[in-house]
Amino acid sequence: MRKVEVSSYDEKWAVLFAEEADKLKLVFENEMVAIHHIGSTAVPGLKAKPIIDIMPVVKDISLVDKYNEEMQNIGYESKGENGISGRRYFQKGGDNRTHHVHVYQVGSTEIERHLAFRDYFLNHPHERKSYGALKEKLAEQFPYDIESYINGKDAFVKEIELKALEWAKENQE
């Protein structure tokens with residue numbers, strides 16, 4: 001059973017992302033058009049579960065499955081779409097999870113959502129602090145119940161996603 005742990009921001013998370021991004025670039029070769037560090041570990045100052053979320057963007061999502069064996073060779077378990085249509089999802093580390101990889105095709109609205117969420121927290125320290133405090137409280141309340149931890153964040157996350165998408169739209173122009 002996995003324990004839900006939330007840590008203070010750690011500068012090594014950026015290094016871990018860069019190291020893993022290099023490996024993923026080798027796996028996906030010419031299919032990848034971009035790769036992003038997403039999620040809470042991508043936001044300095046935000047408390048997070050110490051799992052690095054990575055978002056490769058590819059030309060054609062239907063070709064990603066042919067890389068499953070190569071992903072397995074570098075420690076990943078393929079989870080297919082794992083509940084989100086148009087995504088390929090991989091986990092590394094089993095019960096001691098270290099990385100999540102969320103692969104999307106160019107043009108997916110999920111890309112914009114993930115980047116807006118990350119960038120919103122980079123630019124809104126008060127919201128960042130509130131989210132970190134909520135995650136810390138939920139981890140203490142549900143140390144061995146990841147589902148309750150996730151459900152406890154749900155309303156806050158949905159509210160921030162809406163604000164973040166609106167903020168991103170306003171700041172693009």
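Start by selecting N82, which sits in the loop that links β3 (76–78) to β4 (87–92). Keep in mind as you go that this is a predicted model. Check the backbone of N82: phi is positive, about 50 degrees, even though the residue is not a glycine. Why look twice at that? Most residues other than glycine have a negative phi. With 41% relative accessibility, N82 counts as partly exposed.

For another positive phi, jump to E29, in the loop between α1 (12–28) and β1 (32–38). E29 isn't a glycine either, and its phi is near 45 degrees.

**Into the sheet**

Now colour β2, residues 52–58. How many of its residues are buried? Seven of seven, so you can call this strand mostly covered, buried being under 20% relative accessible area. Turn the view and you'll find cover on both faces of β2. One side carries I52, I54, P56 and V58, the other D53, M55 and V57, and all of these are buried.

Who are the neighbours of β2? Bring up β1, which runs antiparallel to β2 and is joined to it by six bridges. To find your place in that pairing, pick H37 and look across to I54 in β2, which stands opposite. Next, show β5 (residues 99–105): this strand pairs with β2 in the parallel sense, over five bridges. Here the spot to click is D53, with H100 of β5 standing opposite.

**Two crossing helices**

Leave the strands and show α3 (residues 109–123) together with α5 (residues 146–172). Their axes come within 8 Å of each other and cross at roughly 90 degrees. That makes α3 roughly perpendicular to α5.

Which residues make the contact? On the α3 side, select E112, R113, A116, F117, D119, Y120, F121 and N123. On the α5 side, add F156, V157, I160, E161, K163, A164, L165, W167 and A168. Colour the contact by class and you get 11 nonpolar residues, one polar and five charged.

**Following the rings**

Keep α3 on screen and turn to the aromatics. Across the whole structure, a search finds eight aromatic pairs. Zoom in on F117 and F121: the ring centres are 5.0 Å apart and the planes lie at 90 degrees, so this pair is edge-to-face. These two are four residues apart in helix α3, so about one helical turn separates them. Buried or exposed? F117 and F121 are both buried.

From F121, move on to Y131. This time the centres are 5.1 Å apart but the planes are at 5 degrees, so the pair is stacked. F121 belongs to helix α3 and Y131 to helix α4 (residues 125–141), so the pair ties together parts 10 residues apart in sequence. Y131 is buried, as is F121.

Now widen the selection to F117, Y120, F121, Y131, F156 and W167, which form one aromatic cluster. Several names should look familiar: F117, Y120, F121, F156 and W167 are also among the residues where α3 meets α5.

**Last stop**

Finish with D10, in the segment before α1. D10 has 28% relative accessibility, so it counts as partly exposed. Then draw a distance from D10 to A42, C-alpha to C-alpha: 9.9 Å in space, for two residues that are 32 apart in sequence.

How values were computed:
Residues are numbered from 1 along each chain as its sequence is written. This is a predicted model: local features need pLDDT of at least 70, side-chain atom pairs count only at pLDDT 80 or more; totals for chains, interfaces and linings use all residues. Side-chain values use heavy atoms; hydrogens and water are left out. Buried means under 20% relative accessible area, exposed over 50%, partly exposed in between (1.4 Å probe, protein chains only). Axes are lines fitted to C-alpha atoms, for helices over the stretch in contact, and angles run from 0 to 180 degrees between N-to-C directions. Angles under 35 degrees count as roughly parallel, over 145 as roughly antiparallel, 65 to 115 as roughly perpendicular and the rest as oblique. Contact means heavy atoms within 4.5 Å. Ala, Val, Leu, Ile, Met, Phe, Trp, Tyr, Cys and Pro count as nonpolar, Asp, Glu, Lys and Arg as charged, and the others, Gly among them, as polar. Two strands pair if DSSP finds at least two bridges between them. Rings of Phe, Tyr and Trp (its six-membered ring) pair if their centres lie within 6.5 Å; planes under 30 degrees apart count as stacked, over 60 as edge-to-face and the rest as tilted.
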